[in-house]
Amino acid sequence: MDDPSAQDGEAGAGAPATLAELRAGSYYDSVVLMLLQRALAALPGILDAGVVMGTPANKELLAQSDLLTEDLQAAAPEDLVLVVKAESETAGRAALARVDELLAARRSQQTGAYRPKSLGSASRMLPEAEWVLVSVPGRYAAAIARDALNLGKNVFLYSDNVTLEDEISLKVTAAQKGLLVMGPDCGTARIDGVGLGFANRVRRGSIGIVGASGTGLQAIMVGIHRLGGGVSQAFGTGGRDLSDGVQAVSAKQALGRLKDDPQTEVIVIVSKPPAKPVAQELITEAASCGKSVVINFIGYCSTQKKEVTAANIQFAGTLDEAAELAVNLTKSSDRNRCTEKSPSSSQSITEAPQIVPSPLPQLHLRALYSGGTLANEALYLLQDSLPSLRSNGPLPGGLILDNPHRSQGHTVVDLGGDAFTVGRLHPMLDNDLRVRRLLQEAQDPETGLILLDVVLGDGAHEDPASELAPAIEEAIAAAARVGKTLPVVAVVIGTDRDPQGLDRQIELLKGAGAYVYTRHDDALYAVAHAFSGAGDGRAYRSSQQEPSPSQASEDGRISSAFAAINVGLDSFTDSLRNQNAEVVHVDWRPPAGGDERLANLLTRLR
């Protein structure tokens, strides 16, 4: 379908119309798609726009926004889908006619540096690169990761939707070569002071982290920084690493690296709910590492914790508590530094009053998370207070959401889950999906409170509050028009060094009417109190103050020795360059134009 077609064939020049265009086999980076969608939506006469790859999940999302035309049902995952809802057919056709112009403008804005077409060429250009970052669609990611391992490179595998079989194969191969695969679905890491993927800017120090989670690792790094501590290395492993299938291959390797690292004094291990035998095996290895270890396995029951008698291991109940324990276990000089506080503008900003004076009768929580581990922690801490809590990523034994696009009762939804991210940007980069969902929840008469996270740092959205704040304000106003009060709670995960500006993000959210916290557990205690009156008082304490610059440890400037190759998202290349790291970006395109049968044939002919 090369020519735009109107959903309603009778639509005239002055009647509202939805027009679509499908470009077969046209792959574009998800960032390009997001920017093109915004550009189309901003054109005269355009009411809404959708620019996505034609995956089933994206078609579902288009349908939710009333943007899915009949012709687009046939779109394949490798097809580019363009759709506009316009005030008139004339305006819609004019907008679609500008697509190539807008794409050309995007290309002209990109750096003029030469971009190699293959990983091999990039490796020859930057032979000192020890890491390859992979953020292409999942069905292509494993092959690129294998190529990287064959070149002797460690892999940061951001891509999700990679099969379990491929993950196991990649990690076993890497271990045999003495290399590390972080991922798939690895959102963050910090290596030699350089943040990979989504990473907050924190000072260097003596605490190493192993995270089978993304935002959980970020929340702990942020907490360590807020308390005056510092991070030596932070290794992500991907959320399935502690499963029965994968057997913690990457976590064990990362633990070994931290054990041998002279800069690391304390180790933190964090994971989404792990397989119990795998968790026990990793605990046994941690007990013999010769260093203090803090463990936060979300949902790891208290009886299992009591069975661990190793003197060097402590368990934390929340991500923020893990940060506190780790800082307290560092040397006395570090503890002294952390306890001396100076006034900080963040303290007064993060203080939050009681959200509601009494429980919310017969109303429900709607939590809209961009961070999967934060969503897991919310489920764990709220399950006793909120009966029948549902999620698209429930804890073991929990209730699953029948349709991830529609809430049921008390709901915690991970908008970074596979159902939402196939062929589109993660919600930490693109707020469009969450803004739409927020307004959808605000219109639901059963919604009593909305909870969301706002994650800052390199690689993430450059100014998330600027887009979320107006939507929060609109949601609160919509509820007020029908005589309803709608509290919105926002948890900001960030540091005073993050490029988005922590205080500014908080001020924007508070200005829109949100209750803002910088500790995730405090926000959850407050939410539990709002619905049930339960809570232990911690819900309303102010967050810890920042240490004064004179008391901070080494500032974490980037080592000039760090170098990487990026295959996928342009934003990750930009992030590395902003951190003064050496990087080469590969100009990747799907093999055989996205035709999987032809691509498999070409692979066999190699």
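Here are two short exercises with worked solutions on this predicted model.

**Exercise 1. Aromatic rings**

Work out how the rings of Tyr-158 and Phe-198 are arranged, and which parts of the chain the pair ties together.

*Solution.* Let's start with the general idea: a pair of aromatic rings is described by the distance of the centres and the angle of the planes.

Step 1. Centres within 6.5 Å make a pair, and planes over 60 degrees apart count as edge-to-face. The centres of Tyr-158 and Phe-198 are 5.7 Å apart with planes at 80°, so this pair is edge-to-face.

Step 2. Tyr-158 sits in the loop between strand E6 and helix H7, and Phe-198 in the loop between strands E9 and E10, so the pair ties together parts 40 residues apart in sequence. Tyr-158 and Phe-198 are both buried.

Step 3. Now add Phe-572: with Tyr-158 it makes an edge-to-face pair, at 5.1 Å between centres and 90° between planes. Phe-572 belongs to helix H21, and this pair links parts of the chain 414 residues apart. Together, Tyr-158, Phe-198 and Phe-572 form one aromatic cluster.

**Exercise 2. Strand E12**

Find out how enclosed strand E12 (residues 266-271) is, and follow the chain from E12 to E13.

*Solution.* Step 1. Six of the six residues of E12 are buried, so the strand is largely enclosed by the rest of the structure.

Step 2. Check each face: Val-266, Val-268 and Val-270 are buried on one side, and Ile-267, Ile-269 and Ser-271 on the other.

Step 3. Look at the neighbours. E10 and E12 run parallel, joined by six bridges, with Ile-209 opposite Val-268. E12 also pairs with E13 in the parallel sense over six bridges, and there Ile-267 stands opposite Val-293.

Step 4. From E12 the chain passes through helix H10 to E13, a right-handed β-α-β crossover.

Methods:
Residues are numbered from 1 along each chain as its sequence is written. This is a predicted model: local features need pLDDT of at least 70, side-chain atom pairs count only at pLDDT 80 or more; totals for chains, interfaces and linings use all residues. Side-chain values use heavy atoms; hydrogens and water are left out. Rings of Phe, Tyr and Trp (its six-membered ring) pair if their centres lie within 6.5 Å; planes under 30 degrees apart count as stacked, over 60 as edge-to-face and the rest as tilted. Helices (H or I, at least four residues) and strands (E, at least two) are DSSP runs, numbered from the N terminus. Buried means under 20% relative accessible area, exposed over 50%, partly exposed in between (1.4 Å probe, protein chains only). Two strands pair if DSSP finds at least two bridges between them. A crossover is right-handed if, with the strands pointing away from the viewer, the path from the first strand over the helix to the second runs clockwise.
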